Amino acid sequence: MIGCKFTMNKISKYVQYLRQIHISSNIFWHQHSIKQKHQFSTNTNSLFLNFSPNFIQIRKFSNTINQPGVSDIATTNDVLISSIKNAKETSDVLQMLRLHSTVMSAPQHLQALNSLFLLQKSKSASSAKDMLCIVITNISKEELIRRPEFTAMCRKIQNYSRNLDLNDVMNSVKCLSYLGVSVNSNIMQMLLQLISKMINDMSLQQITFLHFLLKELPSCPLVDALKLALPIVFETQIQYKLEDNLYWQVEFLNYIAKHGLSQETFDFVMTRIIRNIDQISPKIVQSLLLCLYYKNYSTEKYIDLINRCLQYYMNHLEYIADFSDIDAILLRMINKYSTDSELFYNEEFINKVVEFMTKNEESFENLAFILKKLNRIGYVHRGLLDNMTNKLTSRYDILENMKFGVLLSYIAACANANYIPPGFDELKPLILTRLNIQKDVLELPWLLVTFDLAVLDVWSEELLERVFSRDFLYGFLKRSDNIHDYIMLLKLYQASKTLFPGSYKGSLPPQEIIEKAVKLYQHNINDFPLKAALEHGLGGSDYVLTGVRSKLGHFIDHLVVMRSGGYPVAIKNEIKDNKSLLLEDIVGASDNFAIAILLYRPNSYVINLNCLRGPHMLTNKTIEALGLVVLPISLDVWDGLIDYEKIPYIMRELKSKADHNLTIE
């Protein structure tokens, strides 16, 4: 009870303004009644949600708000209501208002407002069938609310408003707002005042629907106060008013998430949802998943429920999913995985939806939107890349007309996968031509796309000179958070010096920029978890060189020299003690061969395949071009080994790499 009193005091903080308005509202009503006797018209403006089963439902939960009101008094044999309801054009309703307004009842006026709303709404409907075959009206909303018949109808509804129930009031607000009636007009202010008086008596459904109405309205004191008060009233009442219905429980969970209510309230509703989860249906599962992936709530404890919902979703994919649905769930899943926990990654689900989209021949652009999200977590689906490449090779106009960002997502996905799909080679000149069209748009991520193309062995001297130019780099690198850009530039510089076909003859980045990039890349690299195991396994520290740098700015964790037969060679003390020694001074000095051991962290690998991502493979290739053999080691695998397994593991990897090199020679 103490907690309840505290919460109610909190509510009063936001509702105080509403109560102050009520003190003077009786004066307003009295003045309005006197004025009504002498005045027929006034300026008004508006919105609606029809709860009658004879009308289209604008919001899916509106049919549950069914408290009796003035509008429910109408009998089925009311000829005028039937005529208004069956009107095919806005002008028909206005004609009936013109002829009968002075004798029309409250239900008849409310029906007229509803019909005007539906007829105007039908103008933007996708088909006549969706709006019960209503014929489109030619009267604009702006023209409608200026008509004297409409003004008279609003005046009548104002007269009846004190006797309307909450559903009728919210319906009227919905209609008037949609039609463009100002929130500051007399009728809207009256209706909002009535709503504020009833706020503590609202059902949870009415609170959520009212909030939906209010977010469409411009700011004014009444609207702002209601927006503040509703979530607090909702949070107070949900403990007592939550019904045992999974559909509504998920709707309320969505409201909680969108309006940032407490974790305790979120968990309270989740306990009820778990109890009723056997009622899950295609209509509910997506909303529930989106709530469970909401970034501001701790939901790891519900991971079993999440995976169960995903399995249900996969089993009903043909019936409930389209591109926008899949896109929304993937976005939330990937955000949750990236910021909260690896538990939220579900590979089976991603595989399933990617296969679903390729099977259903989604457009290249839609597939690129999905790729952009999957690239963030290093997920690769080569079948998807094959499908997209086939679209491009079969229809060149797609490539010619696509947006730059769409093309960038496709290139980045292929580069991330270190995969050149069948037919990609014939696209190379077309891709470069397409990029050249926008070469003067400096704001585009030219460094990134040039780097990704280098991963795919697509080279353009013109493109390299553009991103290596002093003007471009000093403009591009002026941002404060640019460490990743410097490192990418360094790796592209290394690739252009070692891998460019026939050797790169163009201009290079300014030396001071390269030196800064090298410092950023090698900064604080002083953790060498493989060092002790290597030294112990090879016979001592004389056989391992740690922290080796190249003239091009490479950094190699460990270097081991081997001779024929795969035996380690001791490294001379003068070499080991030389702090300024560079890789190029060691390699090629004898007939022996050197193995560069590189330690890669988990995010360097494709998340669903046991292989390095393309950008890291490019680094390996540039080191190999200097005459070394590269041995990549996964830190994730290394940390997963028991201590006594580590030395045998690293020795096996070294021997395998040495044997492979000797076989090639």
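Which residue takes a positive phi in the hairpin of strand 1 and strand 2? Keep that one in mind, everyone, and I'll come back to it shortly.

First, some ground rules. This is a predicted model, in which local features need pLDDT of at least 70 and side-chain atom pairs count only at pLDDT 80 or more, while totals for chains, interfaces and linings use all residues. Residues are numbered from 1 along each chain as its sequence is written, and side-chain values use heavy atoms, with hydrogens and water left out.

Now the overview. The chain has 32 helices and five strands. When I say helix or strand, I mean a DSSP run, numbered from the N terminus: H or I over at least four residues for a helix, E over at least two for a strand. The chain has 665 residues, and 52% of them count as buried. Buried means under 20% relative accessible area, exposed means over 50%, and partly exposed lies in between, using a 1.4 Å probe and protein chains only. Then there are contacts, meaning heavy atoms within 4.5 Å. Taking contacts between residues at least 6 apart in sequence, 75% join residues at least 24 apart.

Let's go to the strands. Two strands pair if DSSP finds at least two bridges between them. Strand 1, residues 545-549, pairs with strand 2 in the antiparallel sense, over four bridges. L545 has L559 in strand 2 as its bridge partner. And here is the residue I promised you: G553 has the positive phi, near 95°, in a hairpin with five residues between the strands.

Strand 2, residues 555-563, also runs antiparallel to strand 4, joined to it by five bridges. There, L559 has A596 of strand 4 as its bridge partner. We can follow A596 one step further, to its bridge partner V630 in strand 5. Strand 5 covers residues 629-634, and its pairing with strand 4 is parallel, over six bridges.

Stay with strand 4 for a moment. It spans residues 593-600, and eight of its eight residues are buried. In a regular strand the side chains alternate between the two faces of the sheet. Here, F593, I595, I597 and L599 point one way, A594, A596, L598 and Y600 point the other way, and all are buried.

How do we get from strand 4 to strand 5? Helix 30, residues 614-624, joins them in a right-handed β-α-β unit. Right-handed here means that, with the strands pointing away from the viewer, the path from the first strand over the helix to the second runs clockwise.

On to helix packing. Two packed helices are described by the angle between their axes and the distance between the axes. The axes are lines fitted to C-alpha atoms, for helices over the stretch in contact, and the angles run from 0 to 180 degrees between N-to-C directions.

Helix 18, residues 364-376, and helix 19, residues 382-394, have axes that come within 11 Å and cross at roughly 145°. From helix 18, the residues F364, L367, A368 and L371 meet L384, L385, N387, M388, K391 and L392 of helix 19. By class, that contact has eight nonpolar, one polar and one charged residues. For the classes, Ala, Val, Leu, Ile, Met, Phe, Trp, Tyr, Cys and Pro are nonpolar, Asp, Glu, Lys and Arg are charged, and the others, Gly among them, are polar.

My second pair is helix 3, residues 90-100, with helix 6, residues 148-160: they pack at an angle of about 65°, with their axes 9 Å apart. L94, L97 and R98 in helix 3 meet E149, F150 and M153 in helix 6. That contact has four nonpolar, no polar and two charged residues.

Let me finish with some individual residues. Is D327 buried or exposed? D327, found in helix 16, residues 323-339, is buried, with a relative accessible area of 18%. Beyond its neighbours within four places in sequence, D327 is in contact with F369, I370 and K373.

E361 is not a glycine, yet has a positive phi of about 55°. You'll find E361 in the loop between helix 17 and helix 18, and E361 counts as exposed at 51% relative accessibility. D457, also a residue other than glycine, has a positive phi near 60°. D457 sits in the loop between helix 23 and helix 24 and is partly exposed, at 43%.
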